[in-house]
Structures are given as structure tokens and as C-alpha cells.
Amino acid sequence: MREAGLLTRTYTQRSPSGGFHETDSCSAEIAKIIKNAVGTIPGYPGTDIRAADKGYILGAGSTIAAGVYEIEDDAPIASALSALLDILPKSNPDLVQKFEP
């Protein structure tokens, strides 16, 4: 996603398995229609989405059997780019065609 220009520098964590948790913000109206996804975004296998109150991630310092979640980049949380929001799964895809930043 970064190589495709869908991500900007933002607060990022590394999971014990080596994955990354990029944290982005968006308006409450947009967050309400973004759906969680687990590896189902076309062209981006292995990408999971957690939105609003519909999912969670473990925070830096959390420990599981595989290890500890760590801060990778302590940058401020950035606003999600409209190109990223456009490809995320939505509860009603007809409701919004394009998002503005």
C-alpha cells in the first residue's frame, strides 16, 4: 500500500509476527461506513482493516506468546488519504463513491 501511494507517514506499530499496524484517522461519518476486512482488499493480500468501534488492534507494549508489539514510527496519527479511503470496504458501497480528505 505504501508503494502504491496509499499511505503517508503516521503512527505505526510492529507486531511480533513482523506485520505493521498503520494508524490513520478519518471523520466519524466515514468511519461509520468503513467495514473491517481480513485479507480481502483486491490487490493487497494480507492487509487487514479495523475501523471505528468494529474492531481492535493490540497496542505497543502488549505481549502475546509470540512476543511484544512495538512502536515502529512514533509520528503523529495522520489523516487517511482519500485514495486509501476509496478502496476500503464499505457497508454500503453505493452510499459514497469518492472521499475527499
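Arg2 counts as partly exposed, at 40% relative accessibility; on this scale buried means under 20% relative accessible area, exposed means over 50%, and partly exposed lies in between, using a 1.4 Å probe and protein chains only. This is a predicted model, in which local features need pLDDT of at least 70 and side-chain atom pairs count only at pLDDT 80 or more, while totals for chains, interfaces and linings use all residues. Residues are numbered from 1 along each chain as its sequence is written, and side-chain values use heavy atoms, with hydrogens and water left out.

Let us stay with Arg2 and look at its partner. The Arg2 side chain meets that of Glu22 in a salt bridge, with 2.9 Å from N to O. The term stands for a side-chain nitrogen of Lys or Arg within 4 Å of a carboxyl oxygen of Asp or Glu. Because Arg2 sits in the segment before strand 1 (12-14) and Glu22 in strand 2 (residues 20-22), the pair ties together parts that are 20 residues apart in sequence. Strands here are DSSP runs (E, at least two residues), numbered from the N terminus. Like its partner, Glu22 falls in the partly exposed class, with a relative accessible area of 28%.

By the same rule, the count comes to three salt bridges, so there are others to visit. One of them joins Asp73 and Arg9, whose closest N and O atoms are 2.8 Å apart. Asp73 belongs to strand 8 (residues 70-73) and Arg9 to the segment before strand 1, so this pair ties together parts that are 64 residues apart in sequence. The two ends sit in opposite settings: Asp73 is buried, with a relative accessible area of 18%, whereas Arg9 is exposed at 58% relative accessibility.

Strand 8 also supplies Glu72, which forms a salt bridge with Arg14 in strand 1. Here the closest N and O atoms are 3.2 Å apart, and the pair links distant parts of the chain, 58 residues apart. Glu72 is partly exposed, with a relative accessible area of 42%, and Arg14 is partly exposed too, at 29% relative accessibility.

Finally, turn back to strand 2, where His21 has its place. His21 is buried, with a relative accessible area of 18%. Which residues is His21 in contact with, leaving aside its neighbours within four places in sequence? Taking contact as heavy atoms within 4.5 Å, they are Tyr11, Thr12, Gln13, Ser15, Ile57, Leu58 and Tyr69.

How values were computed:
Helix = DSSP H or I, 4+ residues; strand = E, 2+ residues; numbered from the N terminus.
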